[in-house]
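Please open the model in your viewer and keep the sequence panel beside it. The stops below are meant to be taken in order, with a selection to make at each one.

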Amino acid sequence: MKEFQCGSLVPGCQWHTRHEDEAEIIRRVAEHMRETHGETIIRETMIEAIRSRIEKVRNAA
Ligand SMILES: [Zn+2]
């Protein structure tokens, strides 16, 4: 399982998402960036910033 915390990119944002697939996380984050942070254009540098902040998490369940 992998996790992305939006707060690591946008200080103060509590949104986060988890998924096995990194590509799915990036897709969800891009959607969140558009809807919540008004980023109409998701640049390659943004994708790289997201990817570098995705962390592996152990499934606690
Ligand atoms: Zn956010």
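The tour goes from a metal site to a helix, then along its charged side chains and on to a pair of strands.

Bear in mind throughout that this is a predicted model.

**The zinc site**

Begin by selecting the zinc ion together with its protein donors, which are Cys6 (SG), Cys13 (SG), His32 (NE2) and His37 (NE2), at 2.0 to 2.3 Å from the ion. The angles among the 4 donor atoms run from 102 to 115°, and the site is tetrahedral. If you follow the donors in the sequence panel, their spacing reads C-x6-C-x18-H-x4-H. Cys13 sits in the loop between β1 (2-5) and β2 (16-19), whereas His32 belongs to helix α1, so this pair ties together parts that are 19 residues apart in sequence. Cys13 is buried, with a relative accessible area of 16%, and His32 is buried as well, at 6%.

**Helix α1**

Next, select residues 22-37, which make up helix α1. This helix has 16 residues and reaches 21 Å from its first C-alpha to its last, close to the 22 Å expected at 1.5 Å a residue. Colour its buried residues, namely Glu24, Ile25, Ile26, Val29, Ala30, His32 and Met33, and then show β1, β2 and α2 (44-53), against which these buried residues pack. At the N-terminal end of α1, display Asp21, which caps the helix through a side-chain oxygen 3.1 Å from the backbone nitrogen of Ala23. Past the other end, just after α1, Gly38 takes a positive phi of about 65°.

**Glu22**

Now centre the view on Glu22, which lies in α1 and counts as partly exposed at 28% relative accessibility. Which residues does Glu22 touch, leaving aside those up to four places away in sequence? They are Lys2, Arg51 and Ile54, and with Arg51 there is also a polar contact of 3.3 Å between the side chains. For a further reference point, draw a distance from the C-alpha atom of Glu22 to that of Glu3, 19 residues apart along the chain, and you should find a separation of 8.7 Å.

**Charged side chains along the helix**

Stay on α1 and select Glu24, Arg27, Arg28 and Glu31, which are linked in a network of salt bridges. Arg27 forms a salt bridge with Glu24, with the closest N and O atoms 3.1 Å apart, and another with Glu31, where the corresponding distance is 3.6 Å. Arg27 and Glu24 are 3 residues apart in the helix, a separation of about one helical turn, while Arg27 and Glu31 are 4 residues apart, also about one turn. An α-helix has 3.6 residues a turn, so residues three or four places apart point the same way. Switching to a surface view, note that Arg27 counts as partly exposed at 46% relative accessibility, as does Glu31 at 34%, whereas Glu24 counts as buried at 18%.

**The strand pair**

Finally, select Arg18 and Glu3, whose side chains meet in a salt bridge with an N to O distance of 2.7 Å. Arg18 lies in strand β2 and Glu3 in strand β1, so the pair ties together parts that are 15 residues apart in sequence. Arg18 counts as partly exposed at 41% relative accessibility, but Glu3 counts as buried at 9%. To complete the picture, you may wish to search for the rest of the salt bridges in the model, for which the count comes to 6.

Notes. Residues numbered from 1 in each chain as written. Predicted model: local features only at pLDDT ≥ 70, side-chain atom pairs only at ≥ 80, totals over all residues. Heavy atoms only, no water. Helix = DSSP H or I, 4+ residues; strand = E, 2+ residues; numbered from the N terminus. Buried < 20%, exposed > 50% of the residue type's maximum accessible area, 1.4 Å probe, protein only. Contact = heavy atoms within 4.5 Å. Polar contact = N/O pair within 3.5 Å; in protein donor to acceptor, adjacent residues only side chain to side chain. Donors = N, O, S within 2.8 Å, 3.2 Å for Na, K, Ca; no water. Tetrahedral: all angles 85-135°; square planar, octahedral: opposite > 155°, others 65-115°. Expected span 1.5 Å × (residues − 1). Salt bridge = Lys/Arg side-chain N within 4 Å of Asp/Glu carboxyl O.
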